[in-house]
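I opened the file to take notes on burial, pairing and backbone details. The entries below follow the order in which I looked things up.

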Amino acid sequence: MVLGLVTRPGPVPIPGTRPGPRCPPAALSGPGSARGGAGRGAGRGAGLSRTLLSHWLRRGRLGADWRGSARARGGGARGGPGAAPAAARPWCWARHGPRPAPPPPPPPPPRRAARRLSETGTGGRGSGGGGGGRLRAAASLPHIARGRAEEGGGRRSPCLLVALRPRNVEAERERFFRASFAYDPQFEYAEPPPPAVLEKYRAASDRFVGQAIRIIQTVLEKYGTYESFEVATGGRLLSKCQIWSVIRKYMQKEGCVGEVVVQLTDDLLSQAVMMVEDSRPTLAINLAGARQHWLEGMLRHEIGTHYIRGVNNTRQPWHSSEGRKQYSLKPANPTEEGLASLHSVLFRKQPFLWRAALLYYTIERASRLSFSALFQDLEQYVQDAGVRWEYCVRAKRGQTDTSQPGCFSKDQVYLDGILRILRHRQTIDFPLLAALGKVSYEDVNRLKKFGVLEKARIPHFMQDLERYMKQLDHIVTTNGLNEEELEQLLPD
């Protein structure tokens, strides 16, 4: 290899000052040099000092392709936008002084509020590889249609139940408690609640109030208070690490690891909600409801029911609103939420339908009471003022002036659907109900010949159908229901 030295004139001394030491030659030409050709100044190369040569080889990595390595680090022609980093050029101490310290590394990106369940195995220390798993590309996932409010370009509309949470709920809560519960909150919303939605859920039903009260009283007879029931059946609240562990294991059981984004939040009125964000199925879980013995039931509700039926629905000829009209489908609710609510308590030792019953009762009372009067009425069943507040807010959401009677009746769908499914449980084909997607149990037999059943997903807990049916019978008995009563309430 021939090394050529290119000399440069030294700095011009300023009159009246002492000239500083002359800087040694600044660059080499030849293979791997930053500029110049292999033959330029070759005659001067013989006089290159060993010290300078050693310095250059050490700084410029002349043994490799310096120009290639500079480009690999983002460098290019000197002075251009892709110029070689300063650390890759020779440094003249006499001209520039001591080399400055390298810039500090950039700060780590902030932690995201959403955690994606992308693990494909156990992950962690025993995973062999560094990644542990992948989040599947959105294009490879089943397409789950957005609601109408989310369609079209522009900013994504929030989930309806999130949008109906008052934006001043914390301020009104503080004012309500300071007033010793003798104040009716005045709620404000980030966006006006859709009038069509408020109208749809304006009227409450009292059809199953008797059953709701009986279920509530059965729980209180056994446990004394709701608070004792919560501790005895729900267990302790889980840490975030424990929550992720339970979620990961459940996703593996359902074979949907990497398909669902999960968010942990304390900003929900409900225990959890399934929605679509950025073209991905997204599950938001309320940290306050993630209890030891209840969390897997919550996952059976949201993933094992809503998500799996949604995925199966995308394969059916009635996946669109036009298709539903073509096949004359009944509304998916109350079947959808009733089935999911049964799955929430399915394998509990004491599968009380407390939450569905109390929501039904609260909605019916809210339709006739103000917020403060409803809060007082619920004290007979729930002593915890914070819990009562949450039930009342759910019942009054969508309202601005809560001193007036009125309700948002959507929460009555849970007990309504539960009782209808239990009434007809002996004749419902439950695996088929899951496979056909978002359909009513009343349409299952008629749609069977039109459905696309190949590769349909069935929840793992429905694989043993005999055990599944026994659990449904256990739910009926535990909650003080009976066949005769259900037949009278819901005749064929």
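**Entry 1: Glu 277**

I began with Glu 277, which sits in strand β5, residues 272-277. I note that this is a predicted model. I looked up the accessibility of Glu 277 and found 17% relative accessibility, so the residue counts as buried, the cut-off being under 20%. I then looked for a partner and found that its side chain makes a polar contact of 3.2 Å with the side chain of Gln 263.

**Entry 2: strand β4**

Gln 263 took me to β4, where it is one of the buried residues on one side, together with Val 261 and Thr 265. Val 262 and Leu 264 are on the other side and are buried as well, so I recorded both faces as covered. The count agrees: 5 of the 5 residues of β4 are buried. I asked which strand pairs with β4 and in what sense. The partner is β6, residues 280-286, and the pairing is parallel, over 5 bridges. Within this pairing I noted Val 261 opposite Thr 282 of β6.

**Entry 3: overall counts and the core**

I stepped back for the totals. I have 20 helices and 6 strands for the protein. Of its 492 residues, 46% are buried. Among contacts with a separation of 6 or more, 70% are between residues 24 or more positions apart.

I then looked up the largest nonpolar core, which has 98 residues. Those touching the most other members are Val 262, Ile 285, Trp 354, Leu 422, Phe 430, Tyr 468 and Leu 472. Which helix gives the most to this core? I found that helix α13, residues 354-366, does, with 9 residues.

**Entry 4: salt bridges**

I noted the general point that side chains of opposite charge can pair when their charged atoms come close. I found 20 salt bridges in the structure.

Lys 253 and Glu 296 form one of them, at 3.2 Å from N to O. Lys 253 is in helix α9 (residues 240-254) and Glu 296 in helix α10 (residues 295-313), so this pair ties together parts 43 residues apart in sequence. I checked both ends for exposure: Lys 253 is partly exposed at 43%, and Glu 296 is partly exposed at 27%.

The next pair I wrote down was Arg 457 with Glu 259, with the closest N and O atoms 3.0 Å apart. This pair links distant parts of the chain, 198 residues apart. Arg 457 is in the loop between α18 (444-447) and α19 (465-478), and Glu 259 is in the loop between α9 and β4 (261-265). Is each end buried or partly exposed? Arg 457 is partly exposed, with a relative accessible area of 22%. Glu 259 is buried, at 2% relative accessibility.

I also looked up Glu 364 and Arg 368, a salt bridge with the closest N and O atoms 3.0 Å apart. Glu 364 is buried at 10%, whereas Arg 368 is partly exposed at 49%. Elsewhere I noted Arg 309, Glu 336 and Lys 438, which are joined into one network by salt bridges that share partners.

**Entry 5: helix α8**

In helix α8 (residues 226-234) I listed the buried residues as Tyr 226, Phe 229, Glu 230, Thr 233 and Gly 234. Seen down the axis of α8, these residues fall within an arc of 100°, so they line one face of the helix. I asked what covers them. The cover includes α7 (209-223), α13 and α15 (385-396). Just after α8, I noted Gly 235 with a positive phi of about 80°.

**Entry 6: backbone details**

I looked up the peptide bond joining Asn 333 and Pro 334 and found it cis, with omega about 15°. Pro 334 is in the loop between α11 (321-326) and α12 (335-345). Ser 328 is in the loop between α11 and α12. Ser 328 is not a glycine, yet its phi is positive, near 55°. I have Ser 328 as exposed, at 53%.

Phe 181 is another residue other than glycine with a positive phi, near 70°. I placed Phe 181 in the loop between α5 (169-178) and α6 (195-200). Phe 181 is partly exposed, at 26% relative accessibility.

Methods
Residues are numbered from 1 along each chain as its sequence is written. Side-chain values use heavy atoms; hydrogens and water are left out. Helices (H or I, at least four residues) and strands (E, at least two) are DSSP runs, numbered from the N terminus. Buried means under 20% relative accessible area, exposed over 50%, partly exposed in between (1.4 Å probe, protein chains only). A polar contact is a pair of N or O atoms within 3.5 Å; within protein, one must be able to donate a hydrogen and the other to accept it, and residues adjacent in sequence count only if both atoms are side-chain atoms. A nonpolar core is a set of buried Ala, Val, Leu, Ile, Met, Phe, Trp, Tyr and Cys residues joined through side-chain atoms within 4.5 Å. A salt bridge is a side-chain nitrogen of Lys or Arg within 4 Å of a carboxyl oxygen of Asp or Glu. Two strands pair if DSSP finds at least two bridges between them. The arc is that of the directions from the helix axis to the C-beta atoms. Contact means heavy atoms within 4.5 Å.
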